[in-house]
Amino acid sequence: GAAPPPTAPPPPPWDAEGSSTMPIDINLLRDYKGGDPDAFREHMRKRFKPAEWVDDVLKADLAWREAVKAKDDTKKAANKIQKEKIAPKKKAKQPCEAEVAEYKAKMEEVKAIEDSIPQLEATRDQLLGKLGNIVDAEVPVSQDEDADNMVKHLFPHPEGLQLPQPCGTIQYTLPDTKPLTHDDLLWRIGGFDPDRGSNVAGHRGYFLMEAGWLLNQAIINYAVAFLRNREYEDGKKYQCVQPPYFMKKELMSGIAQLEDYDEQLYKVSGKTDDPEGSTDKYMIATSEQPMCGFHRKEWLQEDELPKRYAGFSTCFRKEAGSSGRDIRGIFRVHQFDKVEQFVVCKDDIEESKKMQDQMLEAAEQFWQSLGIPYRVVTIVSAELNDAAIKKYDLEGWFPGQQAYRELVSCSNCTDFQSRAMEIRCGSKKMNQTSASYCHMLNSTLVATGRGICAVLENYQTPEGVVVPEVLRPYMGGMEFMPFVREAKLEKDTAPKGGKNKGGGKPGEKQPKGSKPKPAKKEAAP
């Protein structure tokens, strides 16, 4: 049989001064440990969170450390009474009731302090858990995505355009437009049935059928083959993984942010045959979540790293914050398939930055191979989730909507998630004061629903939709998906949620000084 996964060695001595499972190392805030609380205050300002949260953590940490010291000092005092007062009197067979009473009083003090310590630690850790990760220097410090997301790459690249430039001021000729949107196209090729889907599953429900189903499977199989065929100098290739589609509550709580529970995560409960009696679980919103727990409590050696995974899963999202947006079609739905890149590397910021660049390059080359125009933007600091120090979005051009829409989200989370999952790496180095935790990164390769939408809009013709050449071997050689029925309904409005940032009218340069219409925030695929 296969060898069992390695387990972590006993906690090292440097974990004694704080929780080893919090996403932020408390020692980074302790100036007496070489930490820099001012730097973290600045990171909080960049995230538009209160810098005072750092001070709240330090006050709570001081209270915890003072309690630990008071416990130790009181215990020493009790031991001193035992050694210097009680023991000599007992040896001399002299009465020592007063000394024993003094000792017992000290030990009661010790117990009272000990009983207070877990709550003090929990308070500190709760406050520490509110802090986000550091913010990379490349990230634009802003709350305005529409104006300040930084355009890093464009495909195809307009001649003479210098990048990077902010979305709000960049001027270039947008790609061509086309008449139909993805929902109409998917209906006309007989690719889905939203009415029967809604009857069965409710809001945003759908059945994929015939050409739609074939296209979905082709995108999955092509995406997996695309990642498996990639070669890297370190010799570490992508390994295919299909994770569980639901997770234990305690693991999900170490990965998901509080707002995810309200807006994204489906909770499932009920009695099962679980011998532990556990009932509450959460459906995954992305394979990133279970992949974060794949190496939980393991200790990885540097020569094993990086580990590259191609995670395939169906994903489930409530979309509670998206009411009224993208109602038509399958761009924003409660259930979709996705191929995700997930990388674990050593705890070196330059190494994880290199990994992020490689993952973005893979995503760009994938969408280039499909012939989808796109732009890559560096997301503003206020829109980073707590784990990410930097996030790139690849936004595909949707010619029917005349807008860029998010297709890929690529994040470097450094050791934020691995600390929560206790995934260590390497061995202790000279003068090291904290445990080493692996860096973890994630990036969409393709969410198939959005991939279908992008293909349909970009490859439409008056008679149907051309199959992109790279997908044809995965569709039995099919080259064309003809229209098999008329438009379902005449549209009264275009699908909501698009981003036409970075240009005026498609096909024209943006007038100087004009500002594109703000777009609502996208949900990461």
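## Helix H11 and its ends

Gly-371 follows H11 and has a positive phi, near 75°. This comes from a predicted model. At the other end, Asp-348 acts as the N-terminal cap of H11. One of its side-chain oxygens sits 3.1 Å from the backbone nitrogen of Glu-350.

Between these ends, H11 covers residues 349–369, 21 residues in total. From first C-alpha to last, H11 reaches 30 Å. That is close to the 30 Å expected at 1.5 Å a residue.

## Buried positions in H11

Which residues of H11 are buried? The list includes Glu-351, Ser-352, Met-355, Gln-356, Gln-358 and Met-359. Leu-360, Ala-362, Ala-363, Glu-364, Phe-366 and Trp-367 are buried too. An α-helix has 3.6 residues a turn, so residues three or four places apart point the same way.

## A three-stranded sheet

Strands E6, E8 and E7 form an open sheet in the order E6-E8-E7. The pairing is antiparallel. E6 (246–248) and E7 (267–268) are the edge strands, and each pairs on one side only.

E8 spans residues 281–283. Two bridges join E7 to E8, and these strands run antiparallel. Lys-267 stands opposite Tyr-282 of E8.

## The whole chain

The chain holds 13 helices and 18 strands. It has 525 residues, and 52% of them count as buried. Among contacts with a separation of 6 or more, 72% link residues 24 or more positions apart.

The exposed area of the chain is about 24,700 Å². Carbon and sulfur atoms supply 51% of that area.

Terms used
Residues are numbered from 1 along each chain as its sequence is written. This is a predicted model: local features need pLDDT of at least 70, side-chain atom pairs count only at pLDDT 80 or more; totals for chains, interfaces and linings use all residues. Side-chain values use heavy atoms; hydrogens and water are left out. Helices (H or I, at least four residues) and strands (E, at least two) are DSSP runs, numbered from the N terminus. The expected span of a helix is 1.5 Å times one less than its number of residues. Buried means under 20% relative accessible area, exposed over 50%, partly exposed in between (1.4 Å probe, protein chains only). A polar contact is a pair of N or O atoms within 3.5 Å; within protein, one must be able to donate a hydrogen and the other to accept it, and residues adjacent in sequence count only if both atoms are side-chain atoms. Two strands pair if DSSP finds at least two bridges between them. Contact means heavy atoms within 4.5 Å. Accessible areas come from the Shrake-Rupley method with a 1.4 Å probe; for residues, only the protein chains shown count as cover.
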